[in-house]
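Reader: I would like a close look at a single part of this model, followed by an account of how the rest of the chain is arranged around it. Please take your time over the details.

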Amino acid sequence: MKEVKSKHKSTSELLLPILFIILMLLVWEVYVRAAGVDQTVLPSPSRIVAALWYARSDLLNNTLYTLLETAIGLTISIIVGSFLAILIDISKLVDRTLYPVLVVSQTIPMVALAPLLVLWFGFGLAPKVIVVVLVTFFPIVVAMVDGLRSTDRELIKLLKTMGANRLQTLTKVQLPASLPYLFSGIKVGVTYGVIGAIFGEYVGAYQGLGILIQTAKNSFRTDLVFAAICVTALLSIGLFWLTNLVERKLIPWHAKATS
């Protein structure tokens, strides 16, 4: 009975926002057609859908390139960020030295740094990956540090009384306990990463959704700009959903506790 209620609740929670979006699109379509709005200023949803279909090949190729940049940058952030978070938790010296530097790094405006990265590393993959790392690294490190520090201290004391060393305590208690926090940081990083990759492409690139948006804007193809924005949103949602799926597979106990 509880499972039926849970399924009904989840269905209604999903259905309501979908119906709202459909209603907004209908209002948008009617307004553009009734008011005779210039399609280069505000294209109708039907025109955007048509642009999605006719430019599907270009959109797919550029989306795959943006996805590659995001995946590489996010992977680097997860690996290096997790390692640094462990060091910050273990060493007070590292905590006092690097944690403030991480906070200060977030005050650097990306709009000023991205052009410099293109100037230093060219129009290839490297500057976009660096931008993704810079925008995703901080939330992952902070979330992981919070997870390591939130571990039940009584449980740690219990393991120490049983003769567990620092490494065993870390691997058997702290890391498993910090995984929900880490995935929360990754979920934030995923959305930031896609935006960061597109912004890096917008500054200078040969491929990607960012350069496609810029080219379409310069050609007054507003419908194609909106189509690329839709694909960007779908890419972010897809990566977020994938992260959530991996989280449920790796830490099912947390998924059951929060469901």
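Reader: Could you begin with Phe-220 and tell me whether this residue is buried or exposed, and in which loop Phe-220 is found?

Author: In this predicted model, Phe-220 is exposed, because its relative accessible area of 65% lies above the cut-off of over 50% that the term requires. The residue is found in the loop between α9 and α10, and its backbone deserves a second look, since Phe-220 has a positive phi of about 60 degrees although it is not a glycine. As a general matter, most residues other than glycine have a negative phi.

The helices on either side of that loop, α9 and α10 (222-250), are among the elements that give two or more residues to the largest nonpolar core, and the others are α2 (45-54), α3, α6 and α8. This core has 37 residues, and within it Leu-59 and Ile-186 touch the most other members. The helix that gives the most to the core is α6, with eight residues. Leaving aside neighbours within four places in sequence, Ile-186 is in contact with Leu-74, Ile-78, Ile-140 and Thr-243. There is also a second, separate core of six residues, among them Ala-114, Leu-117, Val-131 and Val-135. In soluble globular proteins, nonpolar side chains tend to be buried together.

A polar residue can be followed in a similar way. Thr-70 is placed in helix α3, which covers residues 56-90, and Thr-70 counts as buried because its relative accessible area is 1%, where the cut-off is under 20%. A polar atom of the Thr-70 side chain lies 2.9 Å from the backbone oxygen of Thr-66. When residues up to four places away in sequence are not counted, Thr-70 touches Val-132, Gly-193, Val-194, Ala-197 and Leu-239.

Returning to aromatic residues, the model holds two aromatic pairs. In the pair formed by Phe-123 and Tyr-206, the ring centres are 5.7 Å apart and the planes meet at 50 degrees, so this pair is tilted. Phe-123 lies in the loop between α5 (110-121) and α6 (125-149), while Tyr-206 lies in the loop between α8 (166-203) and α9 (209-218), so the pair ties together parts that are 83 residues apart in sequence. Phe-123 is partly exposed, with a relative accessible area of 40%, whereas Tyr-206 counts as exposed at 67%. An aromatic ring also takes part in another arrangement, in which Arg-56 lies over the face of Trp-53, at 3.8 Å from the ring centre.

These details belong to a chain whose secondary structure comes to eleven helices and zero strands. Of its 259 residues, 37% count as buried, and the C-alpha trace spans about 75 × 60 × 30 Å along its principal axes. Among the contacts with a separation of 6 or more, 71% are between residues 24 or more positions apart. The accessible surface of the chain comes to about 15600 Å², and 72% of this surface belongs to carbon and sulfur atoms.

How values were computed. Residues numbered from 1 in each chain as written. Predicted model: local features only at pLDDT ≥ 70, side-chain atom pairs only at ≥ 80, totals over all residues. Heavy atoms only, no water. Helix = DSSP H or I, 4+ residues; strand = E, 2+ residues; numbered from the N terminus. Buried < 20%, exposed > 50% of the residue type's maximum accessible area, 1.4 Å probe, protein only. Polar contact = N/O pair within 3.5 Å; in protein donor to acceptor, adjacent residues only side chain to side chain. Contact = heavy atoms within 4.5 Å. Phe/Tyr/Trp six-rings, centres within 6.5 Å; stacked < 30°, edge-to-face > 60°. Lys NZ or Arg CZ within 6 Å of the ring centre and 35° of its normal. Areas by Shrake-Rupley, 256 points an atom, 1.4 Å probe, with all protein chains shown as cover. Core = buried A, V, L, I, M, F, W, Y, C linked by side-chain atoms within 4.5 Å.
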